[in-house]
Amino acid sequence: MALSVSQRTNELGIRMALGAQRSSIVNMVMRQGVGLAVAGTIIGIAGAVAITRFISSLLFATSPTDWLTLIAVSLVFINVSVVACLIPAREITAIDPLIALRQE
C-alpha cells in the first residue's frame, strides 16, 4: 500500500487541492487496501479448505478444518492490513497539496 500511495501522490495531491477532505482520502485508500486484504483472505480460506486432505498429515493437535484457527488467523491478517493501509494513508494526507503536485 505504501508503494501504491507513493505512486498516486500526484493524483491525491490534486484531489486535496480541489477540496477533498483528508478523511475522504484516508477512506479511499483504506477501502482499496482492506478490500484487497478481505478478497485475499477469502481466497486463502477457500484454498486452505480445498487442500485439507493434503495438509492433514502435517497438522498436530488440530483438525484441517478448524474454523476457530481459520477465523483467528484471518482476523489477525485483516488487522495487520488495516494498520498497513492506515500508515501510508495518514502520511499522504499530512503533506501539503502543493508539495504533492510539485513532486513529479
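**Questions on a predicted helical model**

Modeller: Ile14 counts as partly exposed, at 39% relative accessibility. The model is a predicted one.

Biologist: In which helix does Ile14 lie?
Modeller: Ile14, which is partly exposed, is part of a helical segment. The element in question is helix H2.

Biologist: How far apart in space are Ile14 and Pro97, C-alpha to C-alpha?
Modeller: Along the sequence, 83 residues separate Ile14 from Pro97. In space, C-alpha to C-alpha, the separation of Ile14 and Pro97 is 6.9 Å.

Biologist: What accessible area do Ile14, Leu18, Leu98 and Leu101 have together?
Modeller: Ile14, Leu18, Leu98 and Leu101 form a nonpolar patch on the surface. Residues enter such a patch with over 30% relative accessible area, and Ile14 has 39%. Together, the accessible area of the four residues is about 390 Å².

Biologist: Is Leu101 buried or partly exposed?
Modeller: Leu101 is located in helix H6, residues 97–102. Buried residues have under 20% relative accessible area and exposed ones over 50%. Because the relative accessibility of Leu101 is 32%, Leu101 counts as partly exposed.

Biologist: Which helix gives the most to the largest nonpolar core?
Modeller: The largest nonpolar core has 12 residues in all, among them Leu12, Met16, Val34, Cys85 and Ile92. Helix H2 (9–17), helix H3 (22–50) and H5 each supply at least two residues of this core. The helix that gives the most, with six residues, is H3.

Biologist: Which residues does Met16 touch, not counting residues up to four places away in sequence?
Modeller: Met16 is one of the residues of the largest nonpolar core. With residues up to four places away in sequence left out, Met16 touches Arg22, Ile25, Ile92, Thr93, Ile95 and Pro97.

Biologist: Is Thr93 buried or exposed?
Modeller: Thr93 is found in helix H5, residues 67–94. Among the residues that Thr93 touches are Met16 and Val26, with residues up to four places away in sequence not counted. Since the relative accessible area of Thr93 is 8%, and buried means under 20%, Thr93 is buried.

Biologist: How far from a polar atom of the side chain of Thr93 does the backbone oxygen of Arg90 lie?
Modeller: A polar contact requires a pair of N or O atoms within 3.5 Å. Here the pair consists of a polar side-chain atom of Thr93 and the backbone oxygen of Arg90. The distance between these two atoms is 3.0 Å.

Biologist: How many salt bridges does a search of the whole structure find?
Modeller: Side chains of opposite charge can pair when their charged atoms come close. One salt bridge is formed by Arg8 with Glu11, whose closest N and O atoms are 3.0 Å apart. Another is formed by Glu11 with Arg15, and here too the closest N and O atoms are 3.0 Å apart. For the whole structure, the number of salt bridges found is two.

Biologist: Which residues do salt bridges that share partners join into one network?
Modeller: Glu11 and Arg15 form a salt bridge, and both lie in helix H2, four residues apart, about one turn of the helix. Glu11 also forms a salt bridge with Arg8. The network joined in this way consists of Arg8, Glu11 and Arg15.

Biologist: What is the relative accessible area of Arg15?
Modeller: Glu11, with a relative accessible area of 30%, is partly exposed. Its salt-bridge partner Arg15 is partly exposed, and the relative accessible area of Arg15 is 37%.

Biologist: How far apart in space are Asp66 and Val49, C-alpha to C-alpha?
Modeller: Asp66 is placed in the loop between helix H4 (52–55) and H5, and is partly exposed at 25% relative accessible area. In sequence, Asp66 and Val49 are 17 residues apart. From C-alpha to C-alpha, their separation in space is 9.6 Å.

Biologist: What distance separates the C-alpha atoms of Ser4 and Thr69?
Modeller: Ser4 is found in helix H1, residues 2–7, and counts as buried at 19% relative accessibility. Along the chain, Ser4 and Thr69 are 65 residues apart. Their C-alpha atoms are separated by 31 Å.

Note on methods:
Residues numbered from 1 in each chain as written. Predicted model: local features only at pLDDT ≥ 70, side-chain atom pairs only at ≥ 80, totals over all residues. Heavy atoms only, no water. Buried < 20%, exposed > 50% of the residue type's maximum accessible area, 1.4 Å probe, protein only. Polar contact = N/O pair within 3.5 Å; in protein donor to acceptor, adjacent residues only side chain to side chain. Contact = heavy atoms within 4.5 Å. Patch = residues over 30% accessible without salt bridge, like charges linked within 9 Å, V, L, I, M, F, W, Y side chains within 5 Å. Areas by Shrake-Rupley, 256 points an atom, 1.4 Å probe, with all protein chains shown as cover. Salt bridge = Lys/Arg side-chain N within 4 Å of Asp/Glu carboxyl O. Core = buried A, V, L, I, M, F, W, Y, C linked by side-chain atoms within 4.5 Å.
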